[in-house]
Amino acid sequence: MAYDSSNIFARILRGELPAHVVLDEEHCLAFMDVMPQSPGHTLIIPRTPAENVFDLSDDELSALIVTTRRVAVAVKAAFSPGGIMLLQLNGADAGQSVFHIHFHVVPRYDGEGLKFHAREMADPEVLAGHAEQIRAQLN
């Protein structure tokens, strides 16, 4: 499948759609998932138009995973979860639903069931507050 430049993450990168941005760097953008699995669920995407992990160079993937770890550290500090789940899915059969490579940083709390995709949109004001908490830990 060829990269679809009209996917939602490409549109966020171009500023065509809003996002609660946590981190905006030269190579990556991190923002709140609008359908979070738990408070603090954050997405990290490269600026490179790549569908999956197989479409990135070693340098691009390195920048993405380093940024993902940096965001995960901030999410952990901001929300104090019992654990952090990192997810990266490649292809529809693996559960990928937006075909621009991305990592999920999902805080996990005691008693939560394990799930890969949420089904409900979060309140934008709640997401804005969560983004502010994470940004405070990044600075």
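**Note on helix α2 and the cores around it**

1. The buried residues of α2 pack against six elements: β1, β2, β3 (42-46), β4 (83-87), β5 and α3. This is a predicted model, and the points below should be read as such.

2. Which residues of α2 are buried? They are L64, T67, T68, V71, A72, A74, V75, A78 and F79. These residues lie on the same side of α2, because the arc they cover around the axis is only 170 degrees. D58, D59, R69, V73 and K76 are exposed on the other side of the helix.

3. The helix α2 has 22 residues. From first C-alpha to last, α2 reaches 31 Å, close to the 32 Å expected at 1.5 Å a residue. S80 follows α2 and has a positive phi, near 50 degrees.

4. The largest nonpolar core has 22 residues. V22, I44, L64, V71 and I134 have the most contacts inside this core. At least two core residues come from each of β1 (21-24), β2 (28-32), α2 (58-79), β5 (103-108) and α3 (124-138). The largest share is that of α2, with 7 residues. In general, nonpolar side chains in soluble globular proteins tend to be buried together.

5. Apart from the largest core lies another, of 7 residues. Its members include I12, F31, I45 and V98.

6. What does I134 touch, beyond its neighbours within four places in sequence? I134 is in contact with V22, M32, G40, T42, A74, V75, A78 and F79. Among these partners, A74, V75, A78 and F79 also belong to the buried residues of α2.

7. H130 lies in helix α3. Is H130 buried or exposed? H130 counts as buried because its relative accessibility is 14%, and the cut-off for buried is under 20%. Not counting residues up to four places away in sequence, H130 touches M32, P39, G40 and F79. M32, G40 and F79 are also among the contacts of I134.

8. How many aromatic pairs are found in a search of the whole structure? There is 1. The pair is formed by F9 and F31 and is edge-to-face. The centres are 5.5 Å apart, with 75 degrees between the planes. Both F9 and F31 are buried. F9 lies in helix α1 (residues 8-13) and F31 in strand β2, so the pair ties together parts that are 22 residues apart in sequence. F31 is also one of the residues of the 7-residue core.

Note on methods. Residues are numbered from 1 along each chain as its sequence is written. This is a predicted model: local features need pLDDT of at least 70, side-chain atom pairs count only at pLDDT 80 or more; totals for chains, interfaces and linings use all residues. Side-chain values use heavy atoms; hydrogens and water are left out. A nonpolar core is a set of buried Ala, Val, Leu, Ile, Met, Phe, Trp, Tyr and Cys residues joined through side-chain atoms within 4.5 Å. Buried means under 20% relative accessible area, exposed over 50%, partly exposed in between (1.4 Å probe, protein chains only). Helices (H or I, at least four residues) and strands (E, at least two) are DSSP runs, numbered from the N terminus. Contact means heavy atoms within 4.5 Å. The expected span of a helix is 1.5 Å times one less than its number of residues. The arc is that of the directions from the helix axis to the C-beta atoms. Rings of Phe, Tyr and Trp (its six-membered ring) pair if their centres lie within 6.5 Å; planes under 30 degrees apart count as stacked, over 60 as edge-to-face and the rest as tilted.
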